[in-house]
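Student: Could you take a close look at one part of this protein with me? I would like a connected walk through it, in plain words.

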Amino acid sequence: ALVERKGQPDKPEPVKQAKERLLKVIQTSGADPQKIILAGKYAMQAVRNPEMYQMALSFAVKNGILTQDQLPKTPGVDYNLLQNGIAAGKLTQELMKEGKL
């Protein structure tokens, strides 16, 4: 198993479950994995520089990652949303490396 994981430690169960859910969403929605990865990078930039927040949201909407209804309703930066975007981007990268996408 360690050889299969290329020396990496086994992922905790919640991470495995999140990857499985994300894989299903990508497969059923036809979302472009590269755009999810890029949206995650925009989210990371927005965490580092809040002035990038609106650009990150616009990118996500323009590329079908978020709908207008999913955008935050309250003013200010929604760090939970950014966190989810970063995680989705990282998990999508892992799924691509594993050859599942």
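Student: Where is Pro 72 found?

Tutor: Happy to help! Please keep in mind that this is a predicted model. Pro 72 sits in the loop between H3 and H4. Its relative accessible area is 24%, and since buried means under 20% and exposed means over 50%, Pro 72 is partly exposed.

Now for the company that Pro 72 keeps. Leaving out residues up to four places away in sequence, Pro 72 touches Tyr 53, Leu 57, Asp 78 and Leu 81. One of these partners, Leu 57, is 15 residues away from Pro 72 along the chain, and the C-alpha atoms of the two are separated by 9.4 Å.

To place that loop, let us step back to the whole chain. The chain has four helices and zero strands, so its elements, read from the N terminus, run α-α-α-α. Of its 101 residues, 24% count as buried. Among contacts between residues at least 6 apart in sequence, 64% join residues at least 24 apart. The chain exposes about 7100 Å², and carbon and sulfur atoms supply 55% of that area.

On one side of our loop in the sequence is helix H3, which covers residues 53-62. Here there is something nice to look for. A pair of aromatic rings is described by the distance of the centres and the angle of the planes. The whole structure holds one aromatic pair. The partners are Tyr 42 and Phe 59, with ring centres 4.6 Å apart and planes at 20°, so the pair is stacked. Tyr 42 belongs to helix H2 (residues 33-48) and Phe 59 to helix H3, so the pair links distant parts of the chain, 17 residues apart. The two partners can also be described by their accessibility. Tyr 42 is partly exposed at a relative accessible area of 23%, whereas Phe 59, at 14%, counts as buried.

On the other side of the loop is helix H4, residues 79-97. Two packed helices are described by the angle between their axes and the distance between the axes. For H4 and helix H1 (residues 13-29), the axes come within 10 Å and cross at roughly 85°. H1 and H4 are therefore roughly perpendicular to each other. From H1, the residues that take part are Val 15, Ala 18, Lys 19, Leu 22, Leu 23 and Ile 26, and they meet Ala 88, Leu 91, Thr 92, Glu 94 and Leu 95 of H4. Sorted by character, the residues of this contact are eight nonpolar, one polar and two charged.

Thr 92 deserves a second look. This residue lies in helix H4 and counts as buried, with 0% relative accessibility. Not counting residues up to four places away in sequence, Thr 92 touches Leu 22, Ile 26, Pro 33, Ile 36, Ile 37 and Leu 101.

Finally, have a look at Gln 34, which is found in helix H2. With a relative accessible area of 45%, Gln 34 is partly exposed. The C-alpha atoms of Gln 34 and Gly 89 are separated by 8.6 Å, although the two residues are 55 residues apart along the chain.

To return to your starting point, look once more at Pro 72 in the loop between H3 and H4, and find its contacts with Tyr 53, Leu 57, Asp 78 and Leu 81.

Methods. Residues numbered from 1 in each chain as written. Predicted model: local features only at pLDDT ≥ 70, side-chain atom pairs only at ≥ 80, totals over all residues. Heavy atoms only, no water. Axes fitted to C-alpha atoms, helices over the stretch in contact; angles between N-to-C directions. Helix = DSSP H or I, 4+ residues; strand = E, 2+ residues; numbered from the N terminus. Parallel < 35°, antiparallel > 145°, perpendicular 65-115°, else oblique. Contact = heavy atoms within 4.5 Å. Nonpolar A, V, L, I, M, F, W, Y, C, P; charged D, E, K, R; others polar. Buried < 20%, exposed > 50% of the residue type's maximum accessible area, 1.4 Å probe, protein only. Areas by Shrake-Rupley, 256 points an atom, 1.4 Å probe, with all protein chains shown as cover. Phe/Tyr/Trp six-rings, centres within 6.5 Å; stacked < 30°, edge-to-face > 60°.
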